[in-house]
Amino acid sequence: MKLHNFYLVIILSLLVACAAEKQIDLPGLNPGQQIQGRPNCAAVFPQGKWQFVHSINFTVKNGTSTTVLGVTSLTEKIINCALITVEGLTLFEAAYSKENGLEIRRAIPPFDNPRFADGLMSDIQTIFLSPTAGDVQEGQITGALAVCRHTDDSGRIIDVLPEVDDCWQIKSYSSDMTLDRSVVGQSCRKKSSTLIPEYLELNSYGQTGYTLKMTLIRADIF
Amino acid sequence: MKSLTLLFTTFLLFLAPISSFGSAVQDQVHLHSIRADFVQEKHLRILAKPIVSTGIFAFQAPRSLRWEYLVPIPSILLMHDGKLSKFVKTDGRFIEDQGIGLDAMQFMLGEISNWLDGRFTDNEMFVASFPDKQTILLEPREQSLAGLISRIELRLADQKGVLNSITIYEGSDSYTRMTFNNAVINKIIPSALFIQK
């Protein structure tokens, strides 16, 4: 596969998937009164000023993959991110704030496609930022797992599961109630009041599905 | 894609034996091979502290290369007998990576050959200047590349034929510095080093 085609596939793959191929439906929610204590969903998302460096392996459906370094810097007002090759070449750098929207500071073709930036920011927000919009319900789903269920105005649902195995999970459902994205954290360690996964895997389902395998290199509070 | 190839190519410039930089800098050293450890620091405006990588590289004329990162992401770029491949350690084993680099390396083979012949200043991408005896400054000839790399500084080691460091400036607040240690030149390197993962 030529390099250009490969990155085209990567870019397309990073966009939110279309119709879900592997259909997993939204599980039913048992209301909160049946669980002891409230689920600590806040511990899933870093509070304050953080910087994460990950090794990120992109894999698309046909099995092709590439690995880069990912930098994510979070403050209350702004998200900064960068993708860097192992050899140190900055492929992409951008900032996002509610005030100014998305500002792309550096994007080497083919990473200069605005849809790529949108897709990347969407993944970052899913992993690192607590869903803000809409209604929140607390309860349990299948397997007696505690969950915070966020439903936005368009009917999209995000389940935050703060205690699965030794870490947490996030599952995002489209308005037709099928799973379109999942984030599975593993080997969490508590730092400050946040559960930081040593490894996490994001799967986007559908025809242009992809997987991001992110291994933590460092997590700093600054 | 051309810009990506060109940009990545510059990251391979450390492969240029210093003999290629011409007698204006120091006496010519005829290099057959070089092997060294390196420490790479990536500085970026948004980084609270630099990302530090370490590894080894080995090059043997005419066209054999091993460029290996040990941490933080174990990866190996291999080139031998015209075959190029890159492997990244994923899930505990080295998996071939189809990403950036391989077509750039094809281009680089020609460049390295030029440098071995002492024709560094013939480079189509950069203008070389020599601000002092220890420094070589490379500036892009084309504006399109200058938007991606503003300049490259090569610092020479005391040992003839060897680089101390290379710093690639992407912008005013973003650069990558590779510092080389324990360099060994002109010692035959077994071909297995350029094949084995």
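Here are a few short exercises, with worked solutions, on a predicted model of two chains, A and B.

Before you start: residues are numbered from 1 along each chain as its sequence is written, while chains are lettered from A and ligands numbered from 1 in the order in which they are written. As the model is predicted, local features need pLDDT of at least 70 and side-chain atom pairs count only at pLDDT 80 or more, whereas totals for chains, interfaces and linings use all residues.

**Exercise 1. Work out how many helices and strands each chain has, and in what order they run in chain B.**

Step 1: get the terms straight. Helices (H or I, at least four residues) and strands (E, at least two) are DSSP runs, numbered from the N terminus.
Step 2: for chain A, you should land on two helices and 13 strands.
Step 3: for chain B, the tally is three helices and eleven strands.
Step 4: walk chain B from its N terminus, and you read α-β-β-β-β-β-β-α-β-β-α-β-β-β.

**Exercise 2. Find the neighbours of strand β5 in chain A and say how enclosed β5(A) is.**

Step 1: pick the pairing rule; two strands pair if DSSP finds at least two bridges between them.
Step 2: look at β4(A), residues 78-84; it runs antiparallel to β5(A), with seven bridges. Ile84(A) sits opposite Thr90(A) of β5(A).
Step 3: check the link. β4(A) and β5(A) make a hairpin with five residues between them, and Gly88(A) in that turn has a positive phi of about 100°.
Step 4: move on to β6(A), residues 101-107, which pairs with β5(A) in the antiparallel sense over six bridges. Here Glu93(A) faces Arg106(A) of β6(A), and the hairpin joining the two strands goes through three residues.
Step 5: apply the burial cut-off: a residue is buried if 20 or more other C-beta atoms (placed from the backbone) lie within 10 Å of its own, exposed if 12 or fewer, and partly exposed in between. Six of the eight residues of β5(A), residues 90-97, are buried, so the strand is largely enclosed by the rest of the structure.

**Exercise 3. Give the buried share of each chain.**

Step 1: in chain A, 41% of the 222 residues count as buried.
Step 2: in chain B, with 197 residues, the buried share is 36%.

**Exercise 4. Describe how β7 and β8 of chain B fit together.**

Step 1: β7(B) covers residues 126-132 and β8(B) residues 135-140; they pair antiparallel over five bridges.
Step 2: Ser129(B) is opposite Leu137(B) of β8(B).
Step 3: the hairpin between β7(B) and β8(B) passes through two residues.
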